[in-house]
Protein chains: 4
Amino acid sequence: MSLAREMLGASPVASDLDADAVAAAIDACLTSQQSCVSCANSDLAEHDVAEMARCIALCTSCADVCAVTMRDLSRRFATNRRVTHHLLRACVLTCTDCAEECERHAAHHPHCALCEKACRACVEACQALLDAEAFAQLEKLAGG
Amino acid sequence: MSLAREMLGASPVASDLDADAVAAAIDACLTSQQSCVSCANSDLAEHDVAEMARCIALCTSCADVCAVTMRDLSRRFATNRRVTHHLLRACVLTCTDCAEECERHAAHHPHCALCEKACRACVEACQALLDAEAFAQLEKLAGG
Amino acid sequence: MSLAREMLGASPVASDLDADAVAAAIDACLTSQQSCVSCANSDLAEHDVAEMARCIALCTSCADVCAVTMRDLSRRFATNRRVTHHLLRACVLTCTDCAEECERHAAHHPHCALCEKACRACVEACQALLDAEAFAQLEKLAGG
Amino acid sequence: MSLAREMLGASPVASDLDADAVAAAIDACLTSQQSCVSCANSDLAEHDVAEMARCIALCTSCADVCAVTMRDLSRRFATNRRVTHHLLRACVLTCTDCAEECERHAAHHPHCALCEKACRACVEACQALLDAEAFAQLEKLAGG
């Protein structure tokens, strides 16, 4: 069991969200945040840095969105389900953008291959949360 | 003219978003982020800290959402309009929650009165952006 | 091998810092950041929240310092060894403060017991880096 | 009076640090963080992006250090003077690196000229704090 899962289990606040699914999304956001910070920095030192501009920008943005999503999911007290919904949606979108761009460079830059994988795992974990009953009404409104 | 406005004007990337409105939202997010970090910390030192629990939690979350929204709005290259939309929406929601809670304590805690004002200004600046033509389609989809 | 370790291995920039030790510190910072965000939020929902004020403040600060230290350690290109040194030192200090406070509540709040453990692991991983030859000169100057 | 200064004045916790100097550093960190996020993004869209790699990396790191320093300075309750010292030192170092790199591009990239100015103002405001009596002992130890 990851520490994130244990921390959720130790919270005095109950939640209708599945703790395993939330913990999986937290862990995926942590991993994706780190790989994006590292990938953006590695891109800057590559000989073909000019080709990597979009990758650097997307990785940098993605790291920021993953960080705030991780923080929101780690909290249960005084949270706002609609805020969580928007952050999860933003996270899925930015991780998807980032994964698609990293994929274009994966063959020649191993850090892009690794980062693509981390971003896709984060999309999957956040989307799994969004597919939960607790978000059904908000997803319907959002035309998701 | 604020530095945020000057920085947008110096970007090599054009945008259909009004630069004055974006800069106003950036500046409001900066101010709100700072007041929320400070308010949460001051709450913790008040004699009635037990009554302030919700205020501390909301200020802490609000600071994080304002921070990421400010970063997203400060970028023009390789951004995703739908991500910006979700972050602005999350920012309006969390700043509203935070302002309403701070208002309840504004009479006896001057830091809450100041923080309420900063959060309401952030709601207004972010909502003004959301009301722009550029977000009309996304707002309609979101039932905004 | 953790993803952080793989990402360091994929960087085009060489480093005289031991990649295993850096990756261990990155992973410890990620874990500690998350446990601190979660612990502060859980504290706020406890019946004895007034006794937890210092724990909430320290966890909140610690999460921020762990986050920036993790980001700095994830980069190799255009980094400043003295900046890294200061961040590692700040991280050791704030994680120590946080662990000691969490320890006081560990018997009755399981989230504090978990968070204490994560913070102590982060102290150990960051201190191990500071003990490396690469920081010897800076540590001597700092009277470390 | 800036809001940061008003927030410090509204804190229930006294401090031996001069509130005007702390507020000036907070405001400088906010401004520098924003200009660095914006400058890094603008760099990525410039035709000479390959020449800007170091500027992008330094701006990105600088934004993160300014953000955490601003947060630390905004708190008075349960803070650690030695942590604040390390963060201020890291902030002075990274803002100096960033300003020097931006200066190299200031003639042809207006965003670099603006960012250089913001980073130098942040160096000055943070150094003014470090020169205060409250940090004298820590500065002597650090060989500052």
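This is a short talk on how chain A meets chains B and C, and on some charged side chains in the structure. The model is a predicted one.

I will take the contact between chain C and chain A to begin with. Chain C puts in 36 residues and chain A puts in 36 residues. Together they bury about 3,100 Å², and 65% of that is on carbon and sulfur atoms. Between these two chains there are 2 salt bridges. One pair to look at is A:D64 with C:R71, whose closest N and O atoms are 2.8 Å apart. The interface also has 10 residue pairs in polar contact, with both residues at pLDDT 80 or more. On the chain C side, at least two residues come from each of α1 (3-9), α2 (19-44), α3 (53-73) and α5 (110-130). The biggest giver is α2(C), with 12 residues. Sorted by class, the side of chain C that touches chain A has 20 nonpolar, 10 polar and 6 charged residues.

Now chain B against chain A. Here the contact uses 25 residues of chain B and 25 residues of chain A. The buried area is about 2,300 Å², with 63% on carbon and sulfur atoms. The salt bridge count between chain B and chain A is 4. A:D64 turns up here too: A:D64 forms a salt bridge with B:R71, with 3.3 Å between the closest N and O atoms. Polar contacts across this interface come to 9 residue pairs, both residues at pLDDT 80 or more. From chain B, α3 (53-73) and α4 (81-105) each supply at least two residues of the side that touches chain A. Of the chain B elements, α3(B) gives the most, at 10 residues. That side of chain B is made up of 13 nonpolar, 5 polar and 7 charged residues.

Next, the structure as a whole. Over all chains there are 40 salt bridges. One that lies within a chain is A:E101 with A:R104, where the closest N and O atoms are 3.0 Å apart. Why are these two about one helical turn apart? Because they are 3 residues apart in helix α4 (residues 81-105) of chain A.

Last, the rings. How many aromatic pairs does a search of the whole structure find? The search gives 0 over all chains. Rings do meet charges, though. In chain A, the charged end of A:R81 sits over the ring of A:F135, 5.4 Å from the ring centre. In chain B, B:R81 lies over the face of B:F135, and the distance to the ring centre is 5.4 Å.

Technical notes
Residues are numbered from 1 along each chain as its sequence is written. Chains are lettered from A and ligands numbered from 1 in the order in which they are written. This is a predicted model: local features need pLDDT of at least 70, side-chain atom pairs count only at pLDDT 80 or more; totals for chains, interfaces and linings use all residues. Side-chain values use heavy atoms; hydrogens and water are left out. Contact means heavy atoms within 4.5 Å. Buried area is the accessible area (1.4 Å probe) that two parts lose on being put together, summed over both. A salt bridge is a side-chain nitrogen of Lys or Arg within 4 Å of a carboxyl oxygen of Asp or Glu. A polar contact is a pair of N or O atoms within 3.5 Å; within protein, one must be able to donate a hydrogen and the other to accept it, and residues adjacent in sequence count only if both atoms are side-chain atoms. Helices (H or I, at least four residues) and strands (E, at least two) are DSSP runs, numbered from the N terminus. Ala, Val, Leu, Ile, Met, Phe, Trp, Tyr, Cys and Pro count as nonpolar, Asp, Glu, Lys and Arg as charged, and the others, Gly among them, as polar. Rings of Phe, Tyr and Trp (its six-membered ring) pair if their centres lie within 6.5 Å; planes under 30 degrees apart count as stacked, over 60 as edge-to-face and the rest as tilted. A charge sits over a ring if NZ of Lys or CZ of Arg is within 6 Å of the ring centre and within 35 degrees of the ring normal.
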